Amino acid sequence: MAEDPRSVAAGRRTQIAKLLEGWEPAGRVLVDGRWNEPRSGQLRDAVDPATGETLIRAADGSEADVDAAVAAAERTREARSWAMASPFERARVLRRIAAAVAEQSETLALLESADTGKPLDNAKGDVESAAACFDYYASLAVNLEGSTRHLDQGIALIRREPVGTVGIITPFNFPIALSSVKIAPALAAGCSVVHKPSQHTPLTALAIGQLALEAGLPPGLLNVVTGGAATGSALVRHPRVAKIVFTGSTAVGQQVAAEASQTIKRVTMELGGKSANIVCADADLATALPRSHFAYTMNAGQYCEAGSRLLVDARVHDEVVEGLAREAGRAKVGDPLDPESEVGPLITPAATERVHALVARSVEAGAELVTGDPSVGDRGSYFAPTVIAGAAVDSEIARTELFGPVVTVLPFGDVEEAIAIANGTPFGLAAGVQTADLGRGIRLAERLEAGTVWINDWATGNLTIPVGGWKQSGIGREGGPEGLAGYLEYKSILATL
């Protein structure tokens with residue numbers, strides 16, 4: 001007889017509590033290879049969004065903690081032992097970190113699920129991606145190349161050197177994956193790192209810091225300071241930080257860019273999106289409908305590439321709306337540790353209230369709530385998949401990044417109108433085209449103003465693919481060799497012979 005899913009979830013929650021009981025990183029920051037209590041003496045709760053219960057009390061890092069972490073990173077950088085180490089040595093350490101993450105994958109997935117509220121199977125996928133990321137950038141570390149150029153009376157050496165100390169600020173939605181895709185290439189390039197994870201999801205950032213030390217990463221190369229917005233701002237403003245790498249909202253990205261500009265820091269930022277998913281009349285709806293449902297409900301809609309604008313050929317509009325309503329009605333919303341759950345909670349009650357208010361305002365403005373009941377469960381921050389139709393193209397619901405499982409269906413008459421609607425926002429992170437005609441799909445993709453365009457798919461890819469946004473969706477790229485290049489500076493050495 002199959003075990004009751006609720007019993008499975010309860011057992012997993014007990015397991016998480018045991019893992020965190022007496023956990024060394026709890027309430028501490030990682031500076032220069034040591035777990036220290038925050039200099040501020042302040043702590044803040046890290047809360048399980050599925051239950052509202054406190055998982056740990058995490059350090060609320062102050063400017064003094066950031067100063068100490070940057071000083072440790074700079075001492076390590078100035079010693080140049082890591083930057084000047086053999087690329088094979090850097091690769092060996094990165095591969096040991098990858099192996100440690102893989103070995104602890106079950107534990108890390110439990111921590112990630114509890115911290116974020118995402119279903120455990122999804123958290124397992126994120127942990128696998130993190131392990132692969134360290135392994136992938138280990139392979140690229142040994143392939144860093146310079147070049148030589150001839151001068152009239154000498155030679156020029158073109159070198160690529162680490163940019164310096166890097167401040168990394170990560171969001172709550174994919175903590176371990178988005179941390180690893182930044183930390184791994186930074187270390188592979190020879191940089192030192194100070195990492196400030198989201199105040200809501202510190203667990204796996206602390207765990208990766210601990211595993212990296214155990215894997216032999218020299219102290220001071222990876223420092224972790226948990227805290228809120230003030231902690232992040234102190235890191236961005238710090239004069240000895242050479243580069244800031246940030247993933248988050250466009251509004252916060254604007255503040256990061258403004259503060260970073262005071263010391264001309266290099267910046268890489270992946271910011272907000274309002275991604276358009278175009279369903280052509282010839283699309284195979286048997287696959288396009290579940291794919292479009294997935295595009296806006298993955299991670300409870302809490303990701304910048306969410307397909308929250310569904311642009312549908314008017315000839316199949318009604319059929320698509322009906323099909324989406326069926327998909328939404330079948331989705332199991334519930335405890336992320338329940339093996340049957342597909343959609344977990346939003347990160348905080350405030351996030352749930354914000355999404356609910358946006359939906360309510362859209363209905364007041366004349367849109368139709370096709371399906372969706374935000375009142376799910378008796379605790380936690382749940383929000384059911386919600387389908388909106390009849391909204392104006394320029395309405396708030398059709399132009400605002402929601403970060404919740406809500407899709408707005410917008411009809412179009414022809415390709416030109418579809419392109420105009422798709423490109424008609426300040427964002428340009430991702431887009432999709434669902435069509436039976438690959439040529440049509442490619443022609444549409446070429447005209448879409450987005451860093452990533454999927455044809456007959458959504459949210460696929462791998463570590464070799466550069467990811468980033470156009471327009472207000474970001475600066476720079478992460479992933480692939482392009483992601484590594486962002487942590488390197490060119491230096492030209494000219495020698496007269």
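The sheet I want to talk about is open and has seven strands, in the order β14-β15-β16-β13-β12-β18-β19. Its pairing is mixed. Keep in mind that this is a predicted model. At the edges stand β14, residues 368–371, and β19, residues 452–455. Each of those two has a single partner strand, so one side of each is left without a neighbour in the sheet. On average, neighbouring strands here are turned by 25° against each other, direction ignored.

Now one pair from this sheet. Strand β13, residues 309–313, runs parallel to β16, residues 406–412, and five bridges join them. To find the register on screen, take Leu310: its bridge partner in β16 is Val409.

Next, the helices that lie on these strands. Helix α12 covers residues 349–364 and lies across β14, β15 and β16. Its direction is at about 25° to β15, which is residues 386–389. Helix α14, residues 415–422, lies across β12, β13 and β16. With respect to β16, α14 runs at about 145°. For orientation, β12 is residues 276–279.

On to α15, residues 438–447. Which residues of this helix are buried? They are Gly441, Leu444 and Ala445. Looking down the axis of α15, these buried residues fall within an arc of 100°, so they line one face of the helix. That fits the general geometry: an α-helix has 3.6 residues a turn, so residues three or four places apart point the same way. What covers the buried residues of α15? The cover includes helix α14 and two strands of the sheet, β18, residues 430–434, and β19. On the face turned away from the buried side, α15 carries Arg443 and Glu446, both exposed. The N-terminal end of α15 is capped by Asp437. There, a side-chain oxygen of Asp437 lies 3.0 Å from the backbone nitrogen of Gly439.

Last, the cysteines. How many disulfides does a search of the whole structure find? Zero. Take Cys133 as a case. The closest cysteine sulfur to its own is in Cys191, 14 Å away, which is too far for a bond; the cut-off for a disulfide is 2.5 Å between the sulfur atoms. Cys133 is buried, at a relative accessible area of 1%. Cys280 is buried too, and its relative accessible area is 8%.

To recap the main points: a seven-stranded open sheet with mixed pairing, helix α15 with its buried residues along one face, and zero disulfides in the whole structure.

Note on methods:
Residues are numbered from 1 along each chain as its sequence is written. This is a predicted model: local features need pLDDT of at least 70, side-chain atom pairs count only at pLDDT 80 or more; totals for chains, interfaces and linings use all residues. Side-chain values use heavy atoms; hydrogens and water are left out. Two strands pair if DSSP finds at least two bridges between them. Helices (H or I, at least four residues) and strands (E, at least two) are DSSP runs, numbered from the N terminus. Axes are lines fitted to C-alpha atoms, for helices over the stretch in contact, and angles run from 0 to 180 degrees between N-to-C directions. Contact means heavy atoms within 4.5 Å. Buried means under 20% relative accessible area, exposed over 50%, partly exposed in between (1.4 Å probe, protein chains only). The arc is that of the directions from the helix axis to the C-beta atoms. A polar contact is a pair of N or O atoms within 3.5 Å; within protein, one must be able to donate a hydrogen and the other to accept it, and residues adjacent in sequence count only if both atoms are side-chain atoms.
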